[in-house]
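Dear colleague,

I am passing on the structure below so that you can look through it at your own pace. After it come my notes on one surface patch and on the salt bridges.

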Amino acid sequence: MAKIRVSYEYSEAEDKSIRLGLFLIACGILSLFILGFCWLSPTLQSLQSKPANCTVVSVLRPEEMFECVFTCGADCKGTSLYPCLQIFVNNSESNSVALLHFDEQQLVLNPKCSYVPPCERDNQKNSDSVLWWEDYFTQEVSGQAFTCFFNQQRRPDDVLWRRSHDTSVLLHCVLWPMVSLLLGTLIVLLTVCARSLAVRAEALQKRKCSYEAACHDPSSAATAGPSDRRRAGKVNDDHPRTTNSDPELSSPTRTLPLFAVPVRRRDREH
């Protein structure tokens, strides 16, 4: 029997599905690298800080002023000044005095000050924002213990009031790239499996149709070889034709029974 060939070419819809799956896989891998470098590394460093109890020791405002950059439009930028606020606290983790910072971003922006206000064009607004936090820590937080975060290996002389990143950032950095990667892989696998099943079904259907056509072809009997004819003759010898068992129908003359008594002509005349 000739080998049945089946087309393995993908349809337009299957081709689009495979492209979509590959695109999702590429996006998942790329976003995993981008989020890993931009968000995952700072988040892991932030999570290394241990919580501790801190109490305010002193609140200072040196005379030194620092510059900040403000924006007033697309092509408008400028610099203004703000006073420096220093809040020293006692860290229960190391039992030492450390400088308090609001979060990691302000620690990197200005390691000498505890608070960096949102930069405004007016210097007075920047000073009012710093003074408000000075009054808050002097009057309301002074003498009370609050939770701070301390990292002995990286910055033993600084503590953080808040964490810029928490475990939710870590979850989002890993979850969504993995969802995109798994979804793309699933789309590609389902499309390939569906096409493979369709090819197998088509091959079975063609094989069945070719077998039925060969069985119902009348020219096959004429082209039978001597071995096929010999086999057919043997089948006829094994199964002979049945004859009629009625003797009256089988013979042209009627025969007498075996024990029949002959009748004389005289007895027949009388």
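Methionine 178 counts as partly exposed, because its relative accessibility is 31% and that class covers values between the 20% limit for buried and the 50% limit for exposed. Please keep in mind throughout that this is a predicted model. Methionine 178 is found in helix 4, and together with Leu32, Val174 and Leu182 it makes up a nonpolar patch on the surface, with an area of about 320 Å². Helix 4, which covers residues 167–215, gives the largest share of this patch, namely 3 residues.

Now to the charged pairs, of which the structure holds 3 that count as salt bridges.

Two of them can be read along helix 1. Glutamate 12 is paired with lysine 16, and their closest N and O atoms are 3.7 Å apart; both residues belong to helix 1 (residues 12–47), where a separation of 4 residues amounts to about one turn of the helix. Glutamate 12 counts as exposed because its relative accessibility is 59%, and lysine 16 is likewise classed as exposed because its relative accessible area is 54%.

Aspartate 15 and arginine 19 form another salt bridge, with 3.4 Å between the closest N and O atoms, and this pair, too, lies in helix 1 with 4 residues, or about one turn, between its members. Here the two partners fall into separate classes: aspartate 15 is partly exposed, since its relative accessibility is 33%, whereas arginine 19 is exposed, with a relative accessible area of 58%.

The remaining salt bridge joins arginine 61 to glutamate 134, whose closest N and O atoms are 3.0 Å apart. This pair links distant parts of the chain, 73 residues apart, for arginine 61 sits in the loop between strand 1 (50–60) and strand 2 (65–71), while glutamate 134 belongs to helix 3 (residues 123–140).

Is glutamate 134 buried or exposed? Glutamate 134 is buried, because its relative accessible area of 16% is under the 20% cut-off. Its partner, arginine 61, has a relative accessibility of 41% and therefore counts as partly exposed.

If you open the model, you could begin with the patch around methionine 178, then follow helix 1 through the pair of glutamate 12 and lysine 16 and the pair of aspartate 15 and arginine 19, and finish at the link between arginine 61 and glutamate 134.

With best regards

Key:
Residues are numbered from 1 along each chain as its sequence is written. This is a predicted model: local features need pLDDT of at least 70, side-chain atom pairs count only at pLDDT 80 or more; totals for chains, interfaces and linings use all residues. Side-chain values use heavy atoms; hydrogens and water are left out. Patches are made of residues with over 30% relative accessible area and no salt bridge: like charges are joined within 9 Å, nonpolar side chains (Val, Leu, Ile, Met, Phe, Trp, Tyr) within 5 Å. Accessible areas come from the Shrake-Rupley method with a 1.4 Å probe; for residues, only the protein chains shown count as cover. A salt bridge is a side-chain nitrogen of Lys or Arg within 4 Å of a carboxyl oxygen of Asp or Glu. Helices (H or I, at least four residues) and strands (E, at least two) are DSSP runs, numbered from the N terminus. Buried means under 20% relative accessible area, exposed over 50%, partly exposed in between (1.4 Å probe, protein chains only).
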